[in-house]
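Trainee: Please take me closely through the salt bridges of this protein, and then through the surroundings in which their side chains sit. I would like one connected account, with each cut-off explained where it comes up.

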Amino acid sequence: MSDLDQLTQSLARNLKRWRGERGFTLDALAARAGVSRGMIIQIEQARTNPSVGTTVKLADALGVSITTLLDYEQGPQVRLVPPDQAVRMWSTDAGSHTTLLVGTEKRGPLELWAWRLMPGDASASDPHPSGTVELLHVTAGELTLLVDGEPYAVPAGTSATFEANVPHTYRNDGPEVVEMTMAVSIPPVG
């Protein structure tokens, strides 16, 4: 089974599990996530690989991290995630990418991401649930962070935090590669 097949199967299994744990019908989850009922059915039957945006919407609607939707296993108190098990979630032909390094469900989902944005590339995000906070630290280049349409220059060595319940975009307007680490804290459901 390929990595993509394993990811598809894991997402199908975990989406069904968390939808059931939350007591959401297909229609209820579709309404909360802004994702069609048909798409949710296809995902739960492992017949499609949704976009990162769709996966984020489903995770947000369920109040879990993307990590949880992709692979949920109870384990020891310390969980090591080797580099080859980190999940590449988004990439462009130019070489930009995001990698979900690790996540946890304790006290609400918390995710740690590594980002690489090539010059001219950007990644836009829909608003997350109210109370979601993002923290980021730029280690190379200068990030242009747009939060609710307002641009902020974040040069290497600078950190930023913001409430992510509004549209936001990560953009590289400069000539150098932007590298950053980002943490996302999502409030628990209910």
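Mentor: R17 is partly exposed, with a relative accessible area of 30%, where buried means under 20% relative accessible area, exposed over 50%, and partly exposed anything in between, computed with a 1.4 Å probe and protein chains only. The coordinates are those of a predicted model, in which local features need pLDDT of at least 70 and side-chain atom pairs count only at pLDDT 80 or more, while totals for chains, interfaces and linings use all residues. Residues are numbered from 1 along each chain as its sequence is written, and side-chain values use heavy atoms, with hydrogens and water left out.

The partner of R17 is E21, and their side chains meet in a salt bridge at 3.1 Å, N to O; the term stands for a side-chain nitrogen of Lys or Arg within 4 Å of a carboxyl oxygen of Asp or Glu. E21 is likewise partly exposed, at a relative accessible area of 46%. Both residues belong to helix α1 (residues 3-22), where they lie four residues apart, or about one turn of the helix. Helices (H or I, at least four residues) and strands (E, at least two) are DSSP runs, numbered from the N terminus, and the protein has five helices and ten strands. In total, the structure holds six salt bridges.

A second pair is formed by D126 and K57, whose closest N and O atoms are 3.5 Å apart. This pair links distant parts of the chain, since D126 is in the loop between β4 and β5 and K57 is in helix α4, 69 residues apart. Both ends count as partly exposed, D126 at 43% relative accessibility and K57 at 30%. The helix that carries K57 is another matter: eight of the eleven residues of α4 (residues 52-62) are buried, so this helix is largely enclosed by the rest of the structure. Its buried residues are T54, T55, V56, L58, A59, D60, A61 and L62. After α4 comes G63, with a positive phi near 75°.

On the D126 side, strand β4 (residues 122-125) has side chains that alternate, with S123 and S125 pointing to one face and buried, whereas A122 and A124 point to the other and are not buried. Strand β4 runs antiparallel to strand β9 (residues 168-171), and four bridges join the two; strands are taken to pair if DSSP finds at least two bridges between them. One of the partners in β9 is T169, which is bridged to A124.

A third salt bridge brings together the side chains of R116 and E179, at 2.5 Å, N to O. R116 lies in strand β3 (residues 110-117) and E179 in strand β10 (residues 178-185), so the pair ties together parts that are 63 residues apart in sequence. R116 is partly exposed at a relative accessible area of 27%, and E179 is also partly exposed, at 30%. Strand β3 holds L110 as well, which is partly exposed with a relative accessible area of 40%. The C-alpha atom of L110 is separated by 9.5 Å from that of I66, 44 residues away along the chain.

E134 offers a counterexample, being buried yet without a salt bridge: the nearest side chain of opposite charge is K57, 14 Å away. In this count Lys and Arg are positive and Asp and Glu negative, while His and the chain ends are not counted. E134 is found in strand β5 (residues 133-140), and its side chain makes a polar contact of 3.1 Å with the side chain of H128. A polar contact is a pair of N or O atoms within 3.5 Å; within protein, one must be able to donate a hydrogen and the other to accept it, and residues adjacent in sequence count only if both atoms are side-chain atoms. Leaving aside residues up to four places away in sequence, E134 touches H128, A160, T161, F162, A164, H168, Y170, M182, A183 and V184, contact meaning heavy atoms within 4.5 Å.

As a wider setting for these details, buried residues make up 41% of the 190 residues in the protein. Among contacts between residues at least 6 apart in sequence, 63% join residues at least 24 apart.
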